[in-house]
Number of protein chains: 2
Amino acid sequence: MNTIDKIQKSLANFSKSERKVAEVILADPQLAIQCSIATLAKMADVSEPTVNRFCRRLDTKGFPDFKLHLAQSLANGTPYVSRHVEANDSAEAYTAKIFESSMAALDSAKQSIDASAVNRAVDMLTQADQISFFGLGASSAVAHDAQNKFFRFNIPVSCFDDVLMMRMSCINAREGTVIVLFSHTGRTKALVEVARLARENHAQVIALTAKDSPLARECTLALTMDVPEDTDLYMPMASRLAQMVAVDVLATGFTLRRGPRFRENLKRVKEALKESRFEKPQGL
Amino acid sequence: MNTIDKIQKSLANFSKSERKVAEVILADPQLAIQCSIATLAKMADVSEPTVNRFCRRLDTKGFPDFKLHLAQSLANGTPYVSRHVEANDSAEAYTAKIFESSMAALDSAKQSIDASAVNRAVDMLTQADQISFFGLGASSAVAHDAQNKFFRFNIPVSCFDDVLMMRMSCINAREGTVIVLFSHTGRTKALVEVARLARENHAQVIALTAKDSPLARECTLALTMDVPEDTDLYMPMASRLAQMVAVDVLATGFTLRRGPRFRENLKRVKEALKESRFEKPQGL
DNA sequence: CATTCTAATGTAGCTAAATTACAAAACTCG
DNA sequence: CGAGTTTTGTAATTTAGCTACATTAGAATG
């Protein structure tokens, strides 16, 4: 836990002199870590042992150890904390907040994703002879994105954001069909039913969804991530970002699994796109 | 600059004994910052002053100061550096790398986005009586996502990922029409032409694209972001993530501009979705 | 190949910083 | 108001880090 926060939180538990120390440190932590215990004591107008006791109270071995801890939390420089947008934020403020919340969400997704599940999902995808991506609402964009990525791999892919089409597609599913479902909550009734239908038709079902959700239970493999829910009105829907990155991960795993010959192919696809573009001025 | 990197870089300039110190520190930096100069000297099998000289060579005041610097760079815990996927990375490795690269890309986008351009874009969007989102290829998913978001605002929105449809839509454009184009490179010929056509038909054109690109020049307002290009084969296409976050930013700006009455409405839309979901078990 | 100079490393002593033990002061509660 | 507890400070001790100097290893030159 962040040392600065810790000090702030313990502020009430400190004695009078200890609080003086805390205030001096909080006022300029960067300065504090460069001070000796003597200078800091003088600045706070307390004795040296008081400073030492203050350090111990924060579960450090002593003053030097405390400085180390403090230095570490300073360096952390707010590593993307999710902050909510306020009604009278400036454009600058809400832009920064949304980007930061998005990064925080990705970080949390990264922490919680299970690499072995990724591996199994890649297994299933590489063995598929047909892949379908299904997403409703906000997740439909993710499904589109996934289609676009896997399309380049030159395997039959399809993508639906319409429940009827999904159901029809499920009925035509075979053993080699892999269906990937995107749903943040994993509680969308229609999608859960689609998953069941797909399985009844012997398709393999991968779901990018919430842990322990109805959808997660209904599929062959659940690839789950913890993404802080957007309790906010100003709905940045971080979950679909995490899903898209997860799609990148799967696509990457796919290309890695397919080996170097396959990657050569991809390079050619990329180059084929160049013709449709204006030349980029070389140099500059 | 990161102290660890600094050590690694200076490795060549060190003397034999200094290098021994460097190696011990690099082997376990976390341990090193807890050691006294004596223990560290013993571990590296050198004398104490050698350790001290080593610290000085890295522009620190001495051993304690060096530890502080080291602690800070450790805390930074690789603050999202873009690292490329290697052919024999494990699932764990490439998953982490892709998430980190994505976060790094968002960070760079955040740094480079122009808040005043955001503000003007929001201006245009709030005054629009019709909004269209256009994207081709990888950006089509972004356009879909944008449609999904703005659709909730109860204004006429459309979305196309097909050039012919885009052109038709442009021809029907009026003064109050705002067209938002998504293109990472800003060099896709078809899209640049669409932008021109739209402007000829008096539509307002906003482009989320690269700075100084043909597309940026052809539109009313260019909302540009620097996103590290994916020179990589394993194409995580970070740009579309940045674009999606930018869409969040615009949507947020939109709701803020529309005021509290409007936000009440949004809440109702969100609640309307609940019926289509399975109940979430309260508590747990 | 020897000699000399320089750079590198270590030893020992010194200084300053941090910690401990204890005593004094302040505060609490009967 | 006084016994007990907590808080704070003083002084002594310990420890860590640094400096000055000596020694050694290595490079360069005759």
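1. Let's start with DNA strand C, which is surrounded by 18 residues; the closest are A:Ile37, A:Asn52, A:Arg56, B:Ser15 and B:Ser17. Here a residue is near a strand if one of its heavy atoms lies within 4 Å of it. Of the atoms of DNA strand C that come within 4 Å of the protein, 72% are accounted for by sugar and phosphate.

2. A word on the model before going on. This is a predicted model, in which local features need pLDDT of at least 70 and side-chain atom pairs count only at pLDDT 80 or more, while totals for chains, interfaces and linings use all residues. Residues are numbered from 1 along each chain as its sequence is written, chains are lettered from A and ligands numbered from 1 in the order in which they are written, and side-chain values use heavy atoms, with hydrogens and water left out.

3. Back to DNA strand C and its phosphates. A polar backbone atom of A:Ile37 is 2.4 Å from a phosphate oxygen of this strand. From chain B, polar side-chain atoms of B:Ser17 and B:Thr50 each lie by a phosphate oxygen of DNA strand C, at 2.6 Å for B:Ser17 and 3.0 Å for B:Thr50.

4. Which element gives the largest share of the surface near DNA strand C? That is α5(A), with 4 residues. (Helices are DSSP runs of H or I with at least four residues, numbered from the N terminus.) By class, this surface has 6 nonpolar, 7 polar and 5 charged residues; Ala, Val, Leu, Ile, Met, Phe, Trp, Tyr, Cys and Pro count as nonpolar, Asp, Glu, Lys and Arg as charged, and the others, Gly among them, as polar.

5. Now for DNA strand D, where 17 residues surround the strand and the closest are A:Ser15, A:Ser17, B:Ile37, B:Asn52 and B:Arg56. A polar side-chain atom of A:Arg53 lies 3.1 Å from a base nitrogen of DNA strand D. B:Arg56 has a polar side-chain atom 2.9 Å from a phosphate oxygen of the strand.

6. Finally, please look at A:Arg240, in helix α13 (residues 238-258) of chain A. Is A:Arg240 buried or exposed? A:Arg240 is buried, with a relative accessible area of 1%; buried means under 20% (1.4 Å probe, protein chains only). Its side chain forms a polar contact of 3.0 Å with the side chain of B:Asp248. Such a contact is a pair of N or O atoms within 3.5 Å; within protein, one must be able to donate a hydrogen and the other to accept it, and residues adjacent in sequence count only if both atoms are side-chain atoms.

Key
Helix = DSSP H or I, 4+ residues; strand = E, 2+ residues; numbered from the N terminus. Buried < 20%, exposed > 50% of the residue type's maximum accessible area, 1.4 Å probe, protein only.
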